[in-house]
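Here are two short exercises to work through with the model open beside you. Have a try at each task before reading its solution.

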Amino acid sequence: MAMAPHQQAIHFAASHLHWLTRAQASHGWFQLDALLECTPAGADEAVPYVLAAHVPAGRMYAPAGPLLQQPPYSFQLIAGPSDHTILRRAVEPSGPAVPADSSHEHQHQFQSLDWQLSIGPAEPLQPEGLALLRSPPPSLNLLLELANGHGHLRLQAPLRHWNHRADPTGWQLETGPLLWPMNLQTFLAAPSSAGLTTAWMHANRSNRVTMSGDRLPAHELEAQLSLLAFL
């Protein structure tokens, strides 16, 4: 039997987003959590979107006092080629209101915003093969692909948790945070960072997943799930 060809996978721990603000020329560096590539129907090229790491908001460069913003909140950045969305969530749910989510063109707030992906060779793996992995297992990425009459989505992110058993044979993946559209048809018709949100994925079949999230009610999707094991 011929061996499956090697593929390229993203080392997310070594990949980053960088911004340079217009105000005070402040640099920000974020590790990346996920990459979603969108190809609308009839398009020649995929449009990439990245999810930056989730962090608590701080009082940058404050000379004294606690460095946590008051009221305390966390934020996470979704970025595309020309626009970005910042999701903000209260650390204390019953506390005062925090700044609202916002979506803007990069030039509204930043002198520059871009990202760099660290790529390495990986071996394709089906989830059914998790039980055969050596211990400790290699680093794994999930690869989720969805295609319909409106276009194609390709999601890659680190696989952070999985279960498997030998008898009876079975497996399940639960992982995130990921990046996913709040409305598939609307997003594929007009991709933008504002149409995306953070998400979590559950799966125990390679052709069907359950997606859920803070702004995404739990729902099932028919999509093709596979894994990439770093060599």
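Below, the whole chain comes before a single residue.

This is a predicted model, in which local features need pLDDT of at least 70, side-chain atom pairs count only at pLDDT 80 or more, and totals for chains, interfaces and linings use all residues. Residues are numbered from 1 along each chain as its sequence is written, and side-chain values use heavy atoms, with hydrogens and water left out.

**Exercise 1.** Describe the secondary structure and the compactness of the protein chain.

Solution.
- Start with the DSSP runs (helices: H or I, at least four residues; strands: E, at least two): there are 2 helices and 18 strands in the protein chain.
- Next, take the radius of gyration over C-alpha atoms; the globule rule is 2.2 Å times the number of residues to the power 0.38. The protein chain has a radius of 19 Å, close to the 17 Å given by the rule for 231 residues, so it is as compact as a globular protein of that length.
- Finally, turn to burial (under 20% relative accessible area, 1.4 Å probe, protein chains only): 44% of the 231 residues are buried.

**Exercise 2.** Work out the surroundings of Thr85.

Solution.
- Locate Thr85 first: it belongs to strand S7, residues 83-90.
- Its relative accessibility is 2%, so Thr85 counts as buried.
- Now list contacts (heavy atoms within 4.5 Å). Leaving out residues up to four places away in sequence, Thr85 touches Gln76, Leu77, Ile78, Ser102, Ser103, Ser193 and Ala194.
- Last, look for polar contacts (N or O atoms within 3.5 Å; within protein, one able to donate a hydrogen and the other to accept it, and residues adjacent in sequence count only if both atoms are side-chain atoms). The side chains of Thr85 and Ser193 are joined by one of 2.9 Å, while a polar side-chain atom of Thr85 lies 3.2 Å from the backbone nitrogen of Ala194.

Key: Buried means under 20% relative accessible area, exposed over 50%, partly exposed in between (1.4 Å probe, protein chains only).
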